[in-house]
Amino acid sequence: MATTTASITLASSDLVSGMAMNYYKTATLNKAGTNTGLEKIQTGTREYLATGAVELLDESVVTTSGANKVYVKNLSTDATEYFEIAIQSEVLGRLYAGDWMFIPWSAGTSNNITVNPSVATSMKIEYVVVHE
Amino acid sequence: MATTTAAFTLSSSDISSSPLSKSTTATLTKAGTTTGLEQTSGMSRRILKATETSIADLISTTPEFTYTADKANKVYICNSSADSTDYVTVTIHAEEIGRLYVGDWMFMPWSASDSSSDIRITAASTHTNAVTLDYMVIGEGNAA
């Protein structure tokens, strides 16, 4: 059994006046409904030279309705560049340069994760999937 | 201009033959700029009673939030419950994103593009205890 942890810190001294924010949370990534750690992982980096939605992750590679987790980061350094992230046809949001996301992924039928780069000039993305 | 950061660490010594150690920090800025996001819901808590198993709005695009569509909004959600078998299913519109088991958290961009972009949650039909969810939106307001 593997032990994998994912942590987040959200911090700001001035988002709300007079109330500094410093939230920290860590999670041990377990299989669905158990205390057994997730044991499989995929990592990668991709470069896109054209706009248009393309598949980043196919649902068939992980267990449906499991406790799968996905991390994605936009490696661009140009603040105007973003990836539009969607599951099947539903847009979650835009990852601008340097932004990252970490989500659970049910990977049900056709629940592929797609990305759509905002420009066709070599945008890069990195990802990690930890799954059952 | 506010400065807000979101730091992430993913680590494991034994999930592969090489240790996994991924860390990154993003400064949360308005779409296409280096200007910090200035609007937040603050950290909020929602408790679903054991009898609540129907789908329900957690984060809405309705006017009280006024987050600008297709910008750089961010959403954090954590299942802070205690029973390890309980989970909530997180959906956007009719699309299931995934399941947050106890202790799991998520952080994602949110387009909030129209009323169908509400983020909704459904507690597992088998849950026998209250489910506690902590959540926060950091984003761009209409006036920003």
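How many bridges join E1(A) to E2(A), and in which sense do the two strands run? The count is 8 bridges, and E1(A) and E2(A) run antiparallel. One pair in this ladder is Ala6(A), whose bridge partner in E2(A) is Ala27(A). Before going further, please keep in mind that this is a predicted model.

**The two chains side by side**

Here is a quick overview to start with.

| Chain | Residues buried | Secondary structure | C-alpha extent along principal axes | Share of contacts (at least 6 apart) joining residues at least 24 apart |
|---|---|---|---|---|
| Chain A | 44% of 132 residues | 0 helices, 10 strands | about 45 × 40 × 25 Å | 71% |
| Chain B | 43% of 144 residues | 0 helices, 11 strands | roughly 45 × 45 × 25 Å | 75% |

Read along the sequence, chain A follows the pattern β-β-β-β-β-β-β-β-β-β. For chain B the pattern reads β-β-β-β-β-β-β-β-β-β-β.

In chain A, the long-range share in the table concerns contacts between residues at least 6 apart in sequence, and 71% of these join residues at least 24 apart. For chain B the corresponding figure is 75%.

**A sheet shared by both chains**

Now let us follow E1(A) across to the other chain. This strand, residues 4–12 of chain A, pairs with E1(B) in the antiparallel sense over 9 bridges. Within that pairing, Ala11(A) stands opposite Thr5(B).

Put together with the E1(A) to E2(A) ladder of 8 bridges, this gives an open sheet of 4 strands in the order E2(A)-E1(A)-E1(B)-E2(B), with antiparallel pairing. Why is one side of E2(A) and of E2 of chain B left without a neighbour in the sheet? Both stand at the edges and each has a single partner strand, so there is no neighbour on one side of each. From one strand to the next, the twist averages 10°. As general background, strands of a sheet pair through backbone hydrogen bonds, either parallel or antiparallel.

**Where the chains touch**

The contact between the chains takes 53 residues from chain A and 52 residues from chain B. On the chain B side, at least two residues each come from strand E1 (4–12), strand E2 (20–27), strand E6 (74–79), strand E7 (87–92), strand E8 (95–101) and strand E9 (105–109). Which of these strands supplies the largest share of the side of chain B that touches chain A? That is E1(B), with 9 residues. E1(B) is also the strand that pairs with E1(A) in the shared sheet. By class, the side of chain B that touches chain A has 24 nonpolar, 21 polar and 7 charged residues.

**Pairings around E10 of chain A**

Chain A also has pairings of its own, and two of them involve E10(A). Strand E3 (residues 40–48) is joined to strand E10 (residues 123–131) of chain A by 9 bridges, and the two run antiparallel. In that ladder, Gln42(A) stands opposite Val129(A). Strand E5 (residues 68–74) of chain A is joined to E10(A) as well, here by 6 bridges and again in the antiparallel sense. Lys73(A) stands opposite Glu126(A) of E10(A).

**Bringing it together**

To recap, chain A has 0 helices and 10 strands, while chain B comes to 0 helices and 11 strands. The two chains join strands in one open sheet of 4 strands, through the E1(A) and E1(B) pairing of 9 bridges.

Technical notes:
Residues numbered from 1 in each chain as written. Chains lettered and ligands numbered in written order. Predicted model: local features only at pLDDT ≥ 70, side-chain atom pairs only at ≥ 80, totals over all residues. Contact = placed C-beta atoms within 7 Å. Nonpolar A, V, L, I, M, F, W, Y, C, P; charged D, E, K, R; others polar. Pairing = 2+ DSSP bridges. Buried ≥ 20, exposed ≤ 12 C-beta atoms within 10 Å, placed from the backbone. Axes fitted to C-alpha atoms, helices over the stretch in contact; angles between N-to-C directions.
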